Amino acid sequence: MKRYKKYKQVNLPWLKEVPEHWEIKKVKFYFEITRGRVISKDELDENGKYPVFSSQTENNGIMGYLNTYDFDEVNCITWTTDGENAGTTFLRSGKYNCTNICGILFIKKEKIEEINLGYCNYIIGLGNKHTRRKDINGYKIMNNEMKRNIILIPPLQEQTQISNFLDWKIGEIDRLVGLEKEKLSKIKLTKNKIIDRFINLEKTKSIKLKFIGSFIKGKGISRENLDKEGEYPVILYGDIYTKYNFSFSQISNKINYDIYNMSTKISKNTLLFTTSGETREDIGKTVLYSGKDNVAIGGDILSFVVNNKEIDSKYLMYYLNSTKSLEYKYIYGRGDIIVHISEQKLKEIKIKYPNIDIQRKVVNLIDKKLSDIDKFILKTTQQINYLQELKQSLISDVVTGKIDIRDIEIPEKYRRD
């Protein structure tokens, strides 16, 4: 794409030049900056009609719904005030609510005819990524910081063209990302089908989990105990859901010696169970640690070591991830907001197993099938990451004037005043 003919130098940490005819203003020049009100999760109504926008970025920032609304047809920009995604912006319209941890930008009445809200959503979102400050929970960008943020202001007609162009192109990229994520979702479901296919064998014996090994519960190590300079590996309860799947040997988190010394530790071929989760489907997820080092484990994790020579640890791990075992853990999970399963209930799970040689052949077959799937998942994930990077690069190039899109013909359905 072509560039503008003339540029001028600017003194911004994240930008050195902009098109000569663009202005540079602070956010407070165009916007009233505020927040919503305190809305607790207990107030939410599952049958509510009007969204409650919070500081989260998942689900378009919707925390839940109410049957009342605070804002009626008032278009605005909201932003995420803190966390890993701090500074992420959203366009809001219609009838809605905002919580007190949701930043809100309303165009000043006297400035409505000067700026395009869609364009501002793109440029403010980009600027926030460069100006947000580091915080213990990731990043933070509060009202006073937002006021001082810089926005680039082309003529109004050009703002509208940029906004429409990006809506068009970003929409296409998001559609492709959605297709790739749909592929991922479908292929991940086949993992359990593969396990079921090879685990459900004839000529098997049956035994309860409590008769083939022993459980040990982890101790309360929190994320605050993690130490980037630490030398000792640790597995936290949340890691089992987000970092590890089936069998793993590399540990990403570390702690210092003092925390490690008083912790519960596991060694190679130890199974790990999660005993609590947000849904019944999450309960009792089972993974196998296959590394060489002794590793500390946090609370809400149950470790299990097989002491029966007729049972292969990896075969057992796959069996515990089969549909039949998952259904058992689902049935015996207890709780509404947080679901738990007890050690006593896990001990009662019945394991069906063939002789040890067949178990190992089954493990090898499952490993190979899952390896092929993992290669596909990696390739698809890389494609998603590429598209996301392309999206951010395109937004940056257009809203900072690195490329000139003024003469590009935009499809009718993306043209908005």
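This is a selection-by-selection tour of a predicted model.

**Two helices**

Start by selecting residues 156-199, helix α4, together with residues 356-399, helix α10. Their axes come within 10 Å and cross at roughly 170 degrees. That makes α4 roughly antiparallel to α10, since angles over 145 degrees are counted that way. Colour the contact between α4 and α10 by residue class: 27 of its residues are nonpolar, five are polar and eleven are charged.

**The cores**

Keep α4 on screen and pick L166. Leaving aside neighbours within four places in sequence, L166 is in contact with Y122, G171, L394, I395, V398 and V399. L166 also belongs to the largest nonpolar core, which has 83 residues. Which residues have the most contacts inside this core? They are F31, I124, L166 and L316. In soluble globular proteins, nonpolar side chains tend to be buried together.

Another core, of twelve residues, lies apart from the largest one. To find this core, select I235, Y244, F248 and Y289, which are among its members.

**The four-stranded sheet**

Next, show the open sheet with the strand order β4-β12-β8-β10, in which the pairing is antiparallel. Its edges are β4 (31-35) and β10 (89-92). Each of these has a single partner strand, so one side of each is left without a neighbour in the sheet. Look along the sheet to see the twist: ignoring direction, neighbouring strands are turned by 25 degrees against each other on average.

Zoom in on β4 and on β12 (residues 102-107), which are antiparallel and joined by five bridges. As a marker for the register, use I33, which stands opposite L105 in β12. Then add residues 117-131, helix α2, which packs on this sheet and touches β4, β8 (76-80), β10 and β12. The direction of α2 makes about 160 degrees with that of β10.

**The three-stranded sheet**

Move to the open sheet with the order β9-β14-β13, also paired in antiparallel fashion. Which strands stand at its edges? They are β9 (82-83) and β13 (133-135); each has a single partner strand, so one side of each has no neighbour in the sheet. Three bridges join β13 to β14 (residues 138-140), and these two strands run antiparallel. To locate one bridge, select K134, whose partner in β14 is Y139.

**Three loop residues**

Select E348, in the loop between α9 (343-347) and β28 (350-353). Is E348 buried or partly exposed? Its relative accessible area is 22%, so E348 is partly exposed, as buried would require under 20%. Outside its neighbours within four places in sequence, E348 is in contact with K208, K210 and Y328. Add a distance label from E348 to G213: the C-alpha atoms are 12 Å apart in space, while the residues are 135 apart in sequence.

The last two stops concern backbone angles. Most residues other than glycine have a negative phi. N60, in the loop between β5 (50-53) and β6 (62-66), has a positive phi near 60 degrees. N60 counts as partly exposed, at 42% relative accessibility.

Finish at N269, in the loop between β21 (264-266) and β22 (270-274). Phi of N269 is positive too, near 65 degrees. At 34% relative accessibility, N269 is partly exposed.

Key. Residues are numbered from 1 along each chain as its sequence is written. This is a predicted model: local features need pLDDT of at least 70, side-chain atom pairs count only at pLDDT 80 or more; totals for chains, interfaces and linings use all residues. Side-chain values use heavy atoms; hydrogens and water are left out. Axes are lines fitted to C-alpha atoms, for helices over the stretch in contact, and angles run from 0 to 180 degrees between N-to-C directions. Angles under 35 degrees count as roughly parallel, over 145 as roughly antiparallel, 65 to 115 as roughly perpendicular and the rest as oblique. Ala, Val, Leu, Ile, Met, Phe, Trp, Tyr, Cys and Pro count as nonpolar, Asp, Glu, Lys and Arg as charged, and the others, Gly among them, as polar. A nonpolar core is a set of buried Ala, Val, Leu, Ile, Met, Phe, Trp, Tyr and Cys residues joined through side-chain atoms within 4.5 Å. Buried means under 20% relative accessible area, exposed over 50%, partly exposed in between (1.4 Å probe, protein chains only). Contact means heavy atoms within 4.5 Å. Two strands pair if DSSP finds at least two bridges between them.
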